[in-house]
Amino acid sequence: MPFWYDGKNKPLARNMRTKATRQENHLWYDFLKNYPIQFRRQVMIDHFIADFYCHKAKLIIEVDGSQHETDEGMRKDELRTEILEGYGLKVIRVSNKSVDREFDMVCKYIDQIVQDSMGGV
């Protein structure tokens with residue numbers, strides 16, 4: 001299913017690519033950028049900007065900081081995930097702490113999700 005995006009977010013998405021967090025850059029430059037199945041950064045979907053998106057796997061990866069651990073942050077994330085899943089996408093969340101402390105495990109987790117979504121290709 002094709003998805004709608006809010007064109008007003010284009011400058012923000014571009015800015016977010018240039019001002020990515022240290023953890024987003026680590027995941028991008030040390031894993032996703034050269035992953036055998038293409039990922040893109042800061043992709044506009046609906047009125048959201050996904051941190052990382054893989055079209056072939058229909059997968060969104062969100063790298064979450066501490067603001068996502070608050071009650072309000074969790075409620076917003078639940079709504080966002082529900083809307084994005086309505087497009088047939090899978091949303092996974094990894095914390096900044098996980099990227100910092102368990103980078104290899106995060107990469108293996110993402111790889112497993114991608115492989116599962118593509119039938120083990």
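The following paragraphs lead through a predicted model, beginning with its sheet and moving on to its helices, salt bridges and aromatic residues.

The sheet is open and consists of 4 strands in the order 1-2-3-4, with mixed pairing. Strand 1 and strand 4 occupy the edges, and each has a single partner strand, so one side of each lacks a neighbour in the sheet. From one strand to the next, the twist averages 45 degrees.

The pairing may be followed strand by strand. Strand 1 (residues 40-45) runs antiparallel to strand 2, and 5 bridges join the two. Within this pair, R40 stands opposite Y53 of strand 2. The hairpin formed by strand 1 and strand 2 has 2 residues between the strands, and D46 takes a positive phi near 60 degrees there. Strand 2 is also paired with strand 3 (residues 59-64), again in the antiparallel sense, over 3 bridges. Here Y53 stands opposite I60 of strand 3. Y53 therefore has R40 opposite it in strand 1 and I60 opposite it in strand 3, while the strand that carries Y53, strand 2, is largely enclosed by the rest of the structure because 7 of its 7 residues (48-54) are buried. The hairpin of strand 2 and strand 3 has 4 residues between the strands, and K58 takes a positive phi near 55 degrees in it.

The parallel component of the mixed sheet is found between strand 3 and strand 4, which pair over 6 bridges. E62 has R93 of strand 4 as its bridge partner. In a regular strand, side chains alternate between the two faces of the sheet.

Helix 3 (residues 71-85) contains R80. This helix lies across strand 1, strand 2, strand 3 and strand 4, and runs at about 150 degrees to strand 4. R80 has a relative accessible area of 14%, under the 20% limit, and therefore counts as buried. Leaving aside neighbours within four places in sequence, R80 is in contact with F48, I49, A50, E62 and R93. R80 and H47 are 33 residues apart in sequence, and their C-alpha atoms are 9.4 Å apart in space.

One of the contacts of R80 is also a salt bridge. Side chains of opposite charge can pair when their charged atoms come close. The structure holds 4 salt bridges. In the one between R80 and E62, the closest N and O atoms are 2.9 Å apart. R80 belongs to helix 3 and E62 to strand 3, so this pair ties together parts that are 18 residues apart in sequence. Both R80 and E62 are buried.

R93, the bridge partner of E62, forms a salt bridge with D64 through its side chain, at 2.9 Å from N to O. Because R93 lies in strand 4 and D64 in strand 3, the pair ties together parts that are 29 residues apart in sequence. D64 is buried at 8% relative accessibility, whereas R93 is partly exposed, with a relative accessible area of 27%. D64, D77 and R93 are linked in a network of salt bridges.

A further salt bridge connects two helices. R22 pairs with D100, the closest N and O atoms being 2.9 Å apart. With R22 in helix 2 and D100 in helix 4, this pair ties together parts that are 78 residues apart in sequence. R22 counts as exposed at 56% relative accessibility, and D100 as partly exposed at 39%.

Helix 2 and helix 4 are also among the elements against which helix 5 packs. The buried residues of helix 5 pack against helix 2 (22-32), strand 3, strand 4 (90-95) and helix 4 (96-101). These buried residues are F103, V106, C107, I110, I113, V114 and Q115. An α-helix has 3.6 residues a turn, so residues three or four places apart point the same way. Helix 5 comprises 15 residues (103-117), which should span 21 Å at 1.5 Å a residue; the end C-alpha atoms are 21 Å apart, in agreement with that expectation. Just after helix 5, G119 takes a positive phi of about 75 degrees.

The aromatic residues complete the account. A search of the whole structure finds 3 aromatic pairs. Among them, Y35 and F39 form an edge-to-face pair, with 5.8 Å between centres and 75 degrees between the planes. Y35 counts as buried at 9% relative accessibility, and F39 likewise at 4%. Together with F31, these two residues form one aromatic cluster.

Key. Residues numbered from 1 in each chain as written. Predicted model: local features only at pLDDT ≥ 70, side-chain atom pairs only at ≥ 80, totals over all residues. Heavy atoms only, no water. Buried < 20%, exposed > 50% of the residue type's maximum accessible area, 1.4 Å probe, protein only. Pairing = 2+ DSSP bridges. Phe/Tyr/Trp six-rings, centres within 6.5 Å; stacked < 30°, edge-to-face > 60°. Expected span 1.5 Å × (residues − 1). Contact = heavy atoms within 4.5 Å. Axes fitted to C-alpha atoms, helices over the stretch in contact; angles between N-to-C directions.
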